[in-house]
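Me: I have a structure open here and would enjoy talking it through with you. Shall we take it one question at a time?

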Amino acid sequence: MTSPINWQKSSFSGSDAEIKCVELAHVDGRILLRESDAPDTVVTTDRDKLRAFLLGVKAGEFDHLV
């Protein structure tokens, strides 16, 4: 039997279940990403790629997109 995936969202998304956000999960050494309003579409990556992306976000590399 497969264990349920434990999806996690940022605390900055708020506590309201109706708020749409990006969610992450860790399964079998892989990182899964999805949007809460499209839960059947899942992007898979690894820790190193996610780490590089998050460092870019923290450095402001994507600020022009928001």
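Me: Is L33 buried, partly exposed or exposed, going by its relative accessibility?
Reply: Happy to help, and please keep in mind that this is a predicted model. L33 lies in strand β3, and its relative accessibility is 23%. Buried would need a value under 20% and exposed one over 50%. L33 therefore falls in between and counts as partly exposed.

Me: How far apart are the C-alpha atoms of L33 and W7?
Reply: Along the chain, L33 and W7 are 26 residues apart. In space, the separation of their C-alpha atoms is 8.7 Å.

Me: Let's step back to the fold. In what order do the elements of the protein run from the N terminus on?
Reply: The protein has one helix and four strands. The C-alpha atoms fill a box of roughly 45 × 30 × 20 Å along the principal axes. From the N terminus on, the order of the elements is β-β-β-β-α.

Me: Which strands stand at the edges of the sheet?
Reply: The four strands form an open sheet with antiparallel pairing, in the order β1-β2-β3-β4. An edge strand has a single partner, so one of its sides is left without a neighbour in the sheet. The strands that fit this are β1 and β4.

Me: How many bridges join β3 to β4?
Reply: β3 and β4 form a hairpin, with two residues between them. The two strands run antiparallel, and R34 stands opposite V42 of β4. On its other pairing, R34 of β3 has E23 opposite. The number of bridges joining β3 to β4 is five.

Me: And which residue in β3 is the bridge partner of V27?
Reply: Strand β2 covers residues 22–27 and strand β3 covers residues 30–35. They run antiparallel and are joined by six bridges. The bridge partner of V27 in β3 is R30.

Me: Which residue in the turn between β2 and β3 has a positive phi?
Reply: β2 and β3 form a hairpin with two residues between them. Most residues other than glycine have a negative phi, so a value near 50° in such a residue is worth a look. The residue also counts as exposed, because its relative accessible area is 76%. Sitting in the loop between β2 and β3, it is D28.

Me: Which element gives the most residues to the lining of the largest pocket?
Reply: That pocket has a volume of about 760 Å³. It is lined by 25 residues, with V22, L24, L33, F53 and L54 nearest its centre. The elements giving two or more residues to the lining are β1, β2, β3, β4 and α1. With five residues, the one that gives the most is α1.

Me: What is the relative accessible area of F53?
Reply: F53 is found in helix α1, which spans residues 47–58. F53 counts as partly exposed, so its value lies between the 20% and 50% cut-offs. Its relative accessible area is 44%.

Me: How much accessible area does the nonpolar patch with F53 have together?
Reply: The patch lies on the surface, and F53 shares it with L54, V57, F62, L65 and V66. Together they have an accessible area of about 600 Å².

Me: Last one: what percentage of the residues of the protein count as buried?
Reply: A residue counts as buried when its relative accessible area is under 20%. The protein has 66 residues, and the buried share of them is 17%.

Technical notes
Residues are numbered from 1 along each chain as its sequence is written. This is a predicted model: local features need pLDDT of at least 70, side-chain atom pairs count only at pLDDT 80 or more; totals for chains, interfaces and linings use all residues. Side-chain values use heavy atoms; hydrogens and water are left out. Patches are made of residues with over 30% relative accessible area and no salt bridge: like charges are joined within 9 Å, nonpolar side chains (Val, Leu, Ile, Met, Phe, Trp, Tyr) within 5 Å. Accessible areas come from the Shrake-Rupley method with a 1.4 Å probe; for residues, only the protein chains shown count as cover. A salt bridge is a side-chain nitrogen of Lys or Arg within 4 Å of a carboxyl oxygen of Asp or Glu. Buried means under 20% relative accessible area, exposed over 50%, partly exposed in between (1.4 Å probe, protein chains only). Two strands pair if DSSP finds at least two bridges between them. On a 1 Å grid over the protein atoms alone, a cavity is a set of points where a 1.4 Å probe fits but cannot get out, and a pocket is an open set with protein on both sides within 12 Å along at least five of seven lines; lining residues have an atom within 4 Å of a point. Grid points are joined across faces, edges and corners, and a volume is the space filled by probe spheres set on the points.
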